[in-house]
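Biologist: Please take me through a single part of this model in detail, setting out its surroundings and how far the prediction can be relied on there. I would like one connected account rather than a list.

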Amino acid sequence: TVTGVQTCALPISQMQMVPNQAPKLKIEILDSIVSGSFDAVLSLGEVGDTAKSIYGVCVKIKYDPELMVPGAITVDFSNTWLDSTGNSNLITQYYLDDVNGVLTIVEARKNHLAITGFGELATIHFEGEVAVIQQRDLTPFHVSIMGDSKVLNNSVFYPGNSGYVQHFINV
């Protein structure tokens with residue numbers, strides 16, 4: 001049984017030109033898994049740890065496919081901070097690979113203007129196979145952000161530099 005919040009966080013600073021204090025991309029399991037279903041929040045940055053000049057993300061999340069009902073993972077983008085005007089400037093998509101246990105989430109600003117902020121990018125609803133979950137000790141249930149996930153950024157991180165450079169930040 002898992003209750004409370006679990007965090008899997010990776011700094012978006014594994015590329016040499018990104019400082020160690022760069023905001024974290026993380027996933028938090030919010031609910032108890034006893035019932036078979038649970039929600040998790042994907043977020044970037046937090047209070048005091050703002051993500052600057054972001055125009056999109058491509059995040060891969062690994063999970064155990066034997067524990068999930070095939071095709072029953074859904075993603076809700078309605079609370080994302082990447083667009084505050086009702087998603088009119090945002091393209092969102094997700095792809096579920098039930099065989100390999102990989103959920104790919106993509107968000108990109110279609111007006112080509114970066115935004116600064118922090119917090120939720122998406123809420124993910126996982127629907128588990130109740131019989132399998134009850135047979136296993138799921139402490140802790142594990143979801144993780146895969147290393148080939150990307151945060152799309154168009155600013156220069158070095159102090160004193162100005163201008164915009166479009167690049168991927170490795171996660």
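Modeller: Strands here are DSSP runs of E with at least two residues, helices are runs of H or I with at least four, and both are numbered from the N terminus. The part I have chosen is Ser43, whose place is in strand β3. This is a predicted model, in which local features need a pLDDT of at least 70 and side-chain atom pairs count only at pLDDT 80 or more, while totals for chains, interfaces and linings use all residues. Residues are numbered from 1 along each chain as its sequence is written, and side-chain values use heavy atoms, with hydrogens and water left out.

Ser43 counts as buried because its relative accessibility is 6%, where buried means under 20% relative accessible area, exposed over 50% and partly exposed in between, computed with a 1.4 Å probe and with protein chains only. Leaving aside neighbours within four places in sequence, Ser43 is in contact (heavy atoms within 4.5 Å) with Lys24, Leu25 and Lys26, and also with Gly119, Glu120 and Leu121.

These contacts can be read against the pairing of the strands, for which DSSP must find at least two bridges between two strands. Strand β2, residues 24–29, pairs with β3, residues 37–44, in the antiparallel sense over five bridges, and Ile29 of this pairing has Ala40 in β3 as its bridge partner. β2 is itself mostly covered, since five of its six residues are buried. β3 also pairs with strand β9, residues 119–127, again in the antiparallel sense, over eight bridges, and here Ser43 stands opposite Glu120. β9 is joined in turn to strand β5, residues 74–76, by three bridges in an antiparallel arrangement, with Val75 facing Ile124 as its bridge partner in β9.

The same strands lead to the nonpolar interior. The largest nonpolar core (buried Ala, Val, Leu, Ile, Met, Phe, Trp, Tyr and Cys residues joined through side-chain atoms within 4.5 Å) has 32 residues, and Leu103, Ile124 and Phe126 have the most contacts inside it. Among the elements that give two or more residues to this core are β2, β3 and β9, although strand β4 gives the most, with five. Phe126 touches Phe38 and Ala40 among other residues, including Tyr63, Met68 and Val143, when residues up to four places away in sequence are not counted.

For the wider setting, the chain has one helix and twelve strands, and nine of the strands precede the helix in the pattern β-β-β-β-β-β-β-β-β-α-β-β-β. Of its 171 residues, 44% are buried, and residues 24 or more positions apart account for 68% of the contacts with a separation of 6 or more.

Confidence is uneven along the chain. The mean pLDDT, the predictor's confidence in each residue on a scale from 0 to 100, is 76, and 65% of the residues reach 70 or more. The mean is lowest in strand β1, residues 6–11, at 45, and highest in β5, at 96. Over residues 1–19 the pLDDT is below 50, although this stretch has 68 contacts in the model beyond near neighbours in sequence. Residues 158–168 likewise stay under 50, and the model has 26 contacts for them beyond four places in sequence.
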